[in-house]
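The exercises below ask you to work from the coordinates towards a picture of packing and strand pairing. Try each task on the structure before reading its solution.

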Amino acid sequence: KKDVQLTRGKSQDSSPQFSPDGGRIAFLSDREKGNQIWIIDFPGGEPYQLTELENGVNAFEWADRNTIFFAAREDNTYLENKRKEEKDDVVIVADQEHYGPVRLFKIDVNTKRIERVTNNPFVISEFAVSPDGKWIVTNENQSVDWTYDHRIPPRQYLYNLERNTREELF
């Protein structure tokens with residue numbers, strides 16, 4: 001019956017989730033470049049950074065005590081790196097042709113080994129992992145303009161992780 005502050009500082013910490021065994025808390029933090037997954041042992045201790053991705057992490061979910069699935073963009077494309085190198089600071093809006101996919105990855109909490117799980121061409125905006133960790137359902141945006149014009153709706157897919165298959169739902 002006592003509140004305990006687990007993190008401090010100027011960073012934005014969000015989306016805390018207990019590990020399935022209750023021994024750790026994972027959360028997103030902008031302490032480093034973009035939102036990254038951090039872990040803190042429960043009931044306390046110094047948090048440590050789990051991911052170090054160029055474009056950060058959008059969302060995550062525990063699969064088991066040692067595995068986290070997360071949605072993130074791949075590293076920057078050749079075009080993005082070229083623009084950065086040339087110090088091109090033009091902001092491109094609604095560029096469907098260069099709409100970078102957000103894919104699912106899994107990370108081993110102990111070794112920090114990351115493995116890409118999906119190869120989808122568009123943006124995974126939401127996902128959920130089944131309790132047994134064998135299935136994932138995703139909501140994938142097909143258009144950069146969906147939020148504004150509602151013309152091309154997202155699609156939902158079911159991934160069977162044991163068979164490495166993807167099936168469209170609905």
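**Exercise 1.** Identify the residues with the most contacts inside the largest nonpolar core, and determine which strand supplies the largest share of it.

*Solution.* Keep in mind throughout that this is a predicted model. The largest nonpolar core has 15 residues, and those with the most contacts inside it are Ile 37, Phe 60, Ile 68 and Phe 70. Taking the strands next, E2 (24–29), E3 (36–41), E5 (59–64), E6 and E7 each supply at least two residues of this core, and the largest share, 3 residues, comes from E6. A second core, separate from this one, has 13 residues, among them Ala 63, Leu 104, Val 117 and Val 129. As background, nonpolar side chains in soluble globular proteins tend to be buried together.

**Exercise 2.** Find the aromatic pair of the structure and classify its geometry.

*Solution.* The structure holds 1 aromatic pair. Its members are Phe 70 and Phe 105, whose ring centres lie 5.4 Å apart with 15° between the planes; because planes under 30 degrees apart count as stacked, the pair is assigned to that class. In terms of the chain, the pair links distant parts, with Phe 70 in strand E6 (residues 67–73) and Phe 105 in strand E7 (residues 102–108), 35 residues apart. Both Phe 70 and Phe 105 are buried.

**Exercise 3.** Locate the arginines that lie over aromatic rings, and give the distance to each ring centre.

*Solution.* Start with Arg 31, whose charged end sits over the ring of Trp 38 at 4.8 Å from its centre. Then turn to Arg 166, which lies over the face of Tyr 157, 3.6 Å from the ring centre.

**Exercise 4.** Describe the surroundings of strand E2: is it mostly covered or exposed, which way do its side chains point, and how is it joined to E1 and E3?

*Solution.* First, burial: 6 of the 6 residues of E2 are buried, so that the strand is mostly covered. Second, direction: Arg 24, Ala 26 and Leu 28 point one way, whereas Ile 25, Phe 27 and Ser 29 point the other way. In a regular strand, side chains alternate between the two faces of the sheet.

Third, pairing: E2 runs antiparallel to E1 (residues 13–18), to which 4 bridges join it, and Ser 14 has Leu 28 as its bridge partner in E2. Strands E2 and E3 also run antiparallel, joined by 6 bridges, with Ile 39 of E3 as the bridge partner of Ala 26.

Finally, the turns: the hairpin of E1 and E2 has 5 residues between the strands, including Gly 22 with a positive phi of about 75°, while in the hairpin of E2 and E3, with 6 residues between the strands, Gly 34 takes a positive phi near 70°.

Key: Residues numbered from 1 in each chain as written. Predicted model: local features only at pLDDT ≥ 70, side-chain atom pairs only at ≥ 80, totals over all residues. Heavy atoms only, no water. Phe/Tyr/Trp six-rings, centres within 6.5 Å; stacked < 30°, edge-to-face > 60°. Buried < 20%, exposed > 50% of the residue type's maximum accessible area, 1.4 Å probe, protein only. Lys NZ or Arg CZ within 6 Å of the ring centre and 35° of its normal. Core = buried A, V, L, I, M, F, W, Y, C linked by side-chain atoms within 4.5 Å. Pairing = 2+ DSSP bridges.
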